[in-house]
Amino acid sequence: MSVSCGVECVLCVGCTRWAWKRCTYIGSDDSGSWPPATPEEFEPIPRICRLILAVYESDLNNPQYSPAGAHRLKPEWVVKRVTYEQTNGHAPPYLIYTDHDHHEIVLAIRGLNLIKESDYKLLLDNRLGMQMFDGGFAHHGLLKSATWLLNQESETLKRLWEENGRCYKMVFAGHSLGSGVAALLTVIVVNHRDRLAGIPRNLVSCYAVAPARCMSLNLAVKYADVIHSVILQDDFLPRTATPLEDIFKSIFCLPCLLFGVCLRDTFIPEGRKLRDPRRLYAPGRMYHIVERRFCRCGRYPPEVRTAIPVDGRFEHIVLSCNATSDHGIIWIEREAEKALQRMKEMSSDTVTTAPKIPKLERLQTIEKEHKDALERAVSLNIPHATTSTGNEEESSQEKSAEACQDENKSAHSGGGTSWDEVVKKLMKRDESGKLILKSETNALQ
């Protein structure tokens, strides 16, 4: 009798502890140790969100889903709009836009349409471990859609890039279902750049908004230099390791499914998850927008954290009433814009002083973070992980592309001089290593 009472007490304490930890786990815990993003690297994201929102519109001149301040795109720069009837179920609707202000060619793909059977067919066209791809695994239906999309639009994208001086960035963007297609399309383009006139890798980028888990962990880390995932606080989709096809089979009982997944994953060791090569993850570098706190009502000024996580890569389901609303592209665009404006305001007080993190130093930090993530994946014995991204041979192409980008930036900014150049011209270091004005050194001499 005493033994059974003891077992019951241990079981009750264990269940209570588990329930407490799960119910008090909030979305911001996933990125608690990440550094903040800078305004320069986060600047394209609200703009890309508005372009994705434009795909949802039937008439850009009379928008129905216009965010605050409108879409801010010029209809005459829209090269092509493709609807469900034109894709014939092979891909979600998309838009090709030439942004001459920011020197970008953008292909934006919309998210899941709950009333379209073709979108469900894309999601259901997959089984765990069904599709091997580039030394890892990928979602079969999304990969097939990305391949079809490249075959359809490669000539258009190639022509636009060549017509604009072979200097514009090629940006692929998508939301939800479209994010998986965009991410896998980016991987294909990076590995077959000849399809787009040999575009350098550093001119290709992807923004996966509310990303779907579409590729294995080794690929998610390998392509973190070109793929950027944007997640709003408690969004359920990047955290749900359950195959996409099972999620949307249960879309009308999603809270029940999330609770079941949460309970099941509690008993799966972290190491076992990492060593499963078939397990899919959200791709690339993560940007986590955090706006709520534990046991606090309302939304706080959003902050953005960024990293390339290997272990602890949004592995825990958040039992939150905002898990589905945080998946909406309208909310993501709104909070991303607020976060960007807040970052700019916080950095405005450094106008008359040296920036805390110079742009060149931040670029080197981003490259080092990617290298460290690759090495971390190898040290954890992630299947098929390597320390190489396979782009070492194209350094000369990238240097010429960077020079071309620098020319565009200087022309766009009216020939403005960077802080580093000002410091180099006006100041020099003395014997102790301190910066002093050159005029002062001349006076002393």
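A polar contact, as the term is used here, is a pair of N or O atoms within 3.5 Å, where within protein one atom must be able to donate a hydrogen and the other to accept it. By that criterion, the side chain of Glu-41 makes a polar contact with the side chain of Tyr-287, at 2.9 Å. The model is a predicted one, and its chain contains 16 helices and 14 strands. Of the 445 residues in the chain, 51% are buried, and among contacts between residues at least 6 apart in sequence, 72% join residues at least 24 apart.

**The eight-stranded sheet**

- An open sheet is formed by 8 strands in the order E1-E2-E3-E6-E7-E9-E11-E12, and the pairing within this sheet is mixed. Its edges are strand E1, residues 78-82, and strand E12, residues 303-307, each of which pairs on one side only.
- When direction is ignored, neighbouring strands of this sheet are turned against each other by 15 degrees on average.
- Strands of a sheet pair through backbone hydrogen bonds, and the pairing can be either parallel or antiparallel.
- At one edge, E1 pairs with strand E2, residues 94-99, in the antiparallel sense over 4 bridges, and Arg-81 has Leu-95 in E2 as its bridge partner.
- At the other edge, E11 and E12 run antiparallel and are joined by 5 bridges, with Val-304 in E12 serving as the bridge partner of Ile-289. Although E12 is an edge strand, 4 of its 5 residues are buried, which leaves the strand mostly covered.

**Strand E9 and its neighbours**

- Strand E9 is largely enclosed by the rest of the structure, because 6 of its 6 residues are buried.
- In a regular strand, the side chains alternate between the two faces of the sheet. In E9, Ile-227, Ser-229 and Ile-231 point one way while His-228, Val-230 and Leu-232 point the other way, and all of these residues are buried.
- E7 and E9 run parallel and are joined by 4 bridges, and Val-209 stands opposite Val-230 in E9.
- E9 and E11 also run parallel, here with 5 bridges between them, and Leu-232 stands opposite Ile-289 in E11. Ile-289 is thus placed opposite Leu-232 and is also the bridge partner of Val-304 in E12.

**Helices lying across the sheet**

- Helix H3, residues 44-55, lies across E1, E2, E3, E6, E7, E9 and E11, and runs at about 50 degrees to E3.
- Helix H12, residues 329-347, lies across E6, E7, E9, E11 and E12, and runs at about 100 degrees to E9.

**The packing of H6 and H7**

- Two packed helices are described by the angle between their axes and the distance between the axes. For helix H6, residues 140-163, and helix H7, residues 177-191, the angle is about 60 degrees and the axes are 8 Å apart.
- H6 and H7 are therefore oblique to each other, and their crossing is right-handed. The contact involves Leu-142, Leu-143, Ser-145, Ala-146, Thr-147, Leu-149 and Leu-150 of H6, together with Leu-177, Gly-180, Val-181, Leu-184, Leu-185, Ile-188 and Val-189 of H7.

**Glu-41 and its side-chain contacts**

- Glu-41 is found in helix H2, residues 39-42, and counts as buried because its relative accessibility is 12%, where the cut-off for a buried residue is under 20%.
- Besides the contact with Tyr-287, the side chain of Glu-41 makes a polar contact with the side chain of Thr-38, at 3.0 Å.

**Positive phi in residues other than glycine**

- Most residues other than glycine have a negative phi. Asp-134 is not a glycine, yet has a positive phi of about 55 degrees, and Gln-233 likewise has a positive phi, near 35 degrees.
- Asp-134 is found in the loop between strand E4, residues 131-133, and strand E5, residues 136-138; with a relative accessible area of 30%, Asp-134 is partly exposed.
- Gln-233 is found in the loop between E9 and helix H9, residues 244-249, and is buried, with a relative accessible area of 1%.

Conventions. Residues numbered from 1 in each chain as written. Predicted model: local features only at pLDDT ≥ 70, side-chain atom pairs only at ≥ 80, totals over all residues. Heavy atoms only, no water. Pairing = 2+ DSSP bridges. Helix = DSSP H or I, 4+ residues; strand = E, 2+ residues; numbered from the N terminus. Axes fitted to C-alpha atoms, helices over the stretch in contact; angles between N-to-C directions. Contact = heavy atoms within 4.5 Å. Buried < 20%, exposed > 50% of the residue type's maximum accessible area, 1.4 Å probe, protein only. Parallel < 35°, antiparallel > 145°, perpendicular 65-115°, else oblique. Left-handed = near helix turned anticlockwise from the far one by under 90°.
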